[in-house]
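Ready to get your hands dirty with a new structure? Here are a few exercises, each with a worked solution. Try each one yourself before reading on.

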Amino acid sequence: MRSGKSTYGLAMLMAAAMLAGCAAGGGGAGNQAGGGTEASGAARAGDEAKASGGDQPGGEEASGGSGRESSRGSETAPYLWDVHTTQELMAADYLMYRVNCGAAEDTGGETGLYQTADDQPYGADAGTGKQWGYRPADYMEAVEDDTGEDLTRYRWEIAEGAEYDPEQTGFYYDFEVPGGTYEVTLGFYNPFSARTVTAVAEDQTVMEDQKILKYKLTENAFYTTVTDGSLQLKVYNPDRGKDAMKDPVLSYILVRAVPEYTADLLKQLLEQTEIPENVIPDRQTMRYTAGSYEAFSEQYQAAEALAQKEDAPEEEYRKQYMALKDAYDGLEEIKVYDSFLPGKKWTDDEGNLIQAHGGQVQRLTVTDPATGQTSEKWWWVGEDKTNGSSRSGICAYSSDDLYNWHYEGIVMRNVESRAQLDEEEYFTSLYADYTPEQKDNVFTCLDAGSAIIERPKLIYNEKTGMYVLWFHADGPTETSDSSYAAASAGVAVCDTPYGPFQFIDRYRLNTCPPDQEDKYPESRGMARDMNLFVDADGTAYIIYSSEENLTLYISKLNDEYTYLAVPPEQAVYGRDYIRLFPGAQREAPALFVRDGGYYLMTSGCTGWAPNQARYYRADSVLGEWENCGDPCVGDDNHTTFESQSTCIFQVGDDYIYMGDRWNSEDLKNSRYIWLPIEFDEAGNMSISYTDEWKLP
Ligand code: GAL
């Protein structure tokens, strides 16, 4: 890669990064308008100018000479590029003014090169001395709007009942600028019914009857050439007539210098955006996500190649300039965490969203297969919902501090087709001993197209040295195409938590004994939302929703942890399993032990929608469980702080609640809610919400 970045480059890099933030502000607004990047903004500017017959460099070029050159010839004011160096303008992102119209006080927002206030009546800028601002009029009313932000938070409106002259009434601005071509962007965030606005710049109509819709941000850009040292702007609605419902509004104005796009300018941008070697993604010092860095790199190389050509058309330089700038602004830094941020995006150490939903965290001693190194790590398994419902498989992540996670890959892959099981090495080596019938079963249970794999939980078996993965294994059956018909518990094993786990089978589990009331006799032995728990004596249990989610069960596992202690037909109630809270409809169980007392946190059953938590306490796993109510404190909506339990784990003397805030519209974008649990002297647990917290 490139090396030896100059210090100038670094300083500029930072300046550009700061300004990139500023550009992003404008860009963000543009996005809402359906536009977006600067490149498309500029393209729009050209289109607009064409449509409304305003000034535009393309037209000037077509008619022979460069607009900038000719304006230079007849200028009465100094020309922009004589007043400022390209570097200066480039560092300011060419932004001369960024006016938050009607902002009564300083909002602290970004400002252009020539201004220090968000808005002001025409006069000298207190910081830059440049003459700019609006022409005050009695009919102008500055309005603050809670629904907008930054540039859309304030706007000018016409005061109610004001006398209105369709030609004269409007918003007038003047901006002191050197001679040159400028891109002017007008933003309208209109709380009223649809209406139109028109704009005049330098005595030319540059925008005509632009429709602005109710609470839709409309952004419109055009080019204008200034020769007299001042850019004059008027925004009004000549069609307003006597209809006050057609009064114009104005939210913001951006005035940007339009440079001449040349090989030289591109070279300067290349210098500015060069990234020093020590921030290139290479796992040790990685600072940008691989995807955004690759996109940038591609544009950088394309720009380098184009900058070698001296005689390409200006449009080509412009496009490449914009593309490089966009890619540079689009570089995404990888976040390093030093706290928990419940409900916020959580990315791994490569900058990708963590995909470990319905998961479980525990401390494991692991041997990295790549390095052969053995160490203790936090280990998080969960559902990969990249493709929506759990179709990709079960993921694992490792961490040293619980804040920053490293992706360890898919530890149990789903299967794309029956043929894949017979052909792909990953599967052929895993299932070498399986009969064709067994492979058919593997395909049915792990079919990426129809199987449901949820809430994976992993336990280590000291006796066998195997890691055992259980999960809610569901999907259609021979008699039902409902995706939750199988209602089974699946199990897979591996001698390392890194996988690949070998799927064994999925099972229906224990059933309601004849002397008790089965809440769902239609379908016996169901197992859906589940969890695992290993007691101090090494006995493992599976805790799961059965009887169509109406009753929770806890069933003992065998010594290998790979199946029930005894098959359902032989299971003895109270010894091998228990039923909990028949008819109470609880799921999402999370069982843990503290000071010899057992706790079971659960949710209600409302699909992806959150509901009120409830926890229970007992003296032993198969003992009497007592309902202790909702542990959440200050959870006014009774939704477990908009989450559903999945695991509670211990860190030192502390316990962490781990929940999922499901996003049913976009499951991969479901968020994680991790919160500290508090216990009083009597051992009652409580969970309070906090936006951010750290381990003690
Ligand atoms: C929830 C359950 C999730 C998932 C979801 C599907 O009740 O806890 O794991 O199965 O329903 O709607």
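**Exercise 1. Find which residues lie nearest the centre of the largest pocket, and work out which strands supply its lining.**

Keep in mind that this is a predicted model.

- Step 1: start in the middle. Q360, Q362, I459, F533 and V534 lie nearest the centre of the largest pocket, out of 28 residues that line it.
- Step 2: look at the strands. β13 (357-367), β17 (452-461), β21 (530-534), β25 (587-594) and β30 each give the lining at least two residues.
- Step 3: pick the top contributor. That's β13, which gives the most, with six residues.
- Step 4: add the volume. The space in this pocket comes to about 750 Å³.

**Exercise 2. Put the five strands of the open sheet that contains β30 in order, and find its edges.**

- Step 1: write down the order. The sheet runs β29-β33-β32-β31-β30, with mixed pairing.
- Step 2: check the ends. β29 (632-633) and β30 (644-651) are the edge strands, as each of them pairs on one side only.
- Step 3: zoom in on one edge. β29 and β33 (residues 685-688) run parallel and are joined by two bridges. For one residue pair, take V633, whose bridge partner in β33 is S688.

**Exercise 3. Explain why the largest nonpolar core lies between two domains.**

- Step 1: find the best-connected members. The core has 65 residues, and Y173, F175, L186, L233 and I253 touch the most other members.
- Step 2: see where the residues come from. Domain 1 (7-257) and domain 2 (263-329) both contribute to the core, so it lies between them.
- Step 3: follow one member. Leaving out residues up to four places away in sequence, L233 touches F171, Y172, Y173, F175, V184, L186, V200, A201, F222 and I253.
- Step 4: don't stop at one core. Another one, of 38 residues, lies apart from it, and its members include A356, F641, C647 and I687.

For background, nonpolar side chains tend to be buried together in soluble globular proteins.

**Exercise 4. Decide how enclosed strand β1 is, and name the strand it pairs with.**

- Step 1: count the buried residues. In β1 (residues 95-100), six of the six are buried, so the strand is largely enclosed by the rest of the structure.
- Step 2: find the partner. β1 pairs with β12 (residues 252-257) in the antiparallel sense, over five bridges.
- Step 3: pin down one pair. Y97 has V255 as its bridge partner in β12.

**Exercise 5. Is M245 buried or exposed, and what is it in contact with?**

- Step 1: locate M245. You'll find it in the loop between β11 (230-236) and β12.
- Step 2: check its accessibility. M245 has 51% relative accessibility and the cut-off for exposed is over 50%, so it counts as exposed.
- Step 3: list the contacts. Setting aside neighbours within four places in sequence, M245 is in contact with S193 and R195.
- Step 4: take S193. It sits 52 residues from M245 along the chain, yet their C-alpha atoms are 7.2 Å apart.

**Exercise 6. Which residues of helix α12 are buried, and what covers them?**

- Step 1: go through the helix. In α12 (residues 436-446), the buried residues are K439, V442, F443, C445 and L446.
- Step 2: look for the cover. It includes β16 (406-413), α10 (418-423), β17 and β20 (502-507).
- Step 3: zoom out. Across the 696 residues of the chain, 54% count as buried.

Technical notes
Residues numbered from 1 in each chain as written. Predicted model: local features only at pLDDT ≥ 70, side-chain atom pairs only at ≥ 80, totals over all residues. Heavy atoms only, no water. Pairing = 2+ DSSP bridges. Helix = DSSP H or I, 4+ residues; strand = E, 2+ residues; numbered from the N terminus. Core = buried A, V, L, I, M, F, W, Y, C linked by side-chain atoms within 4.5 Å. Buried < 20%, exposed > 50% of the residue type's maximum accessible area, 1.4 Å probe, protein only. Domains from an automatic or database assignment. Contact = heavy atoms within 4.5 Å. 1 Å grid on protein atoms, 1.4 Å probe; cavity = no way out; pocket = protein on both sides within 12 Å on 5 of 7 lines; lining within 4 Å. Points joined across faces, edges and corners; volume = space filled by probe spheres on them.
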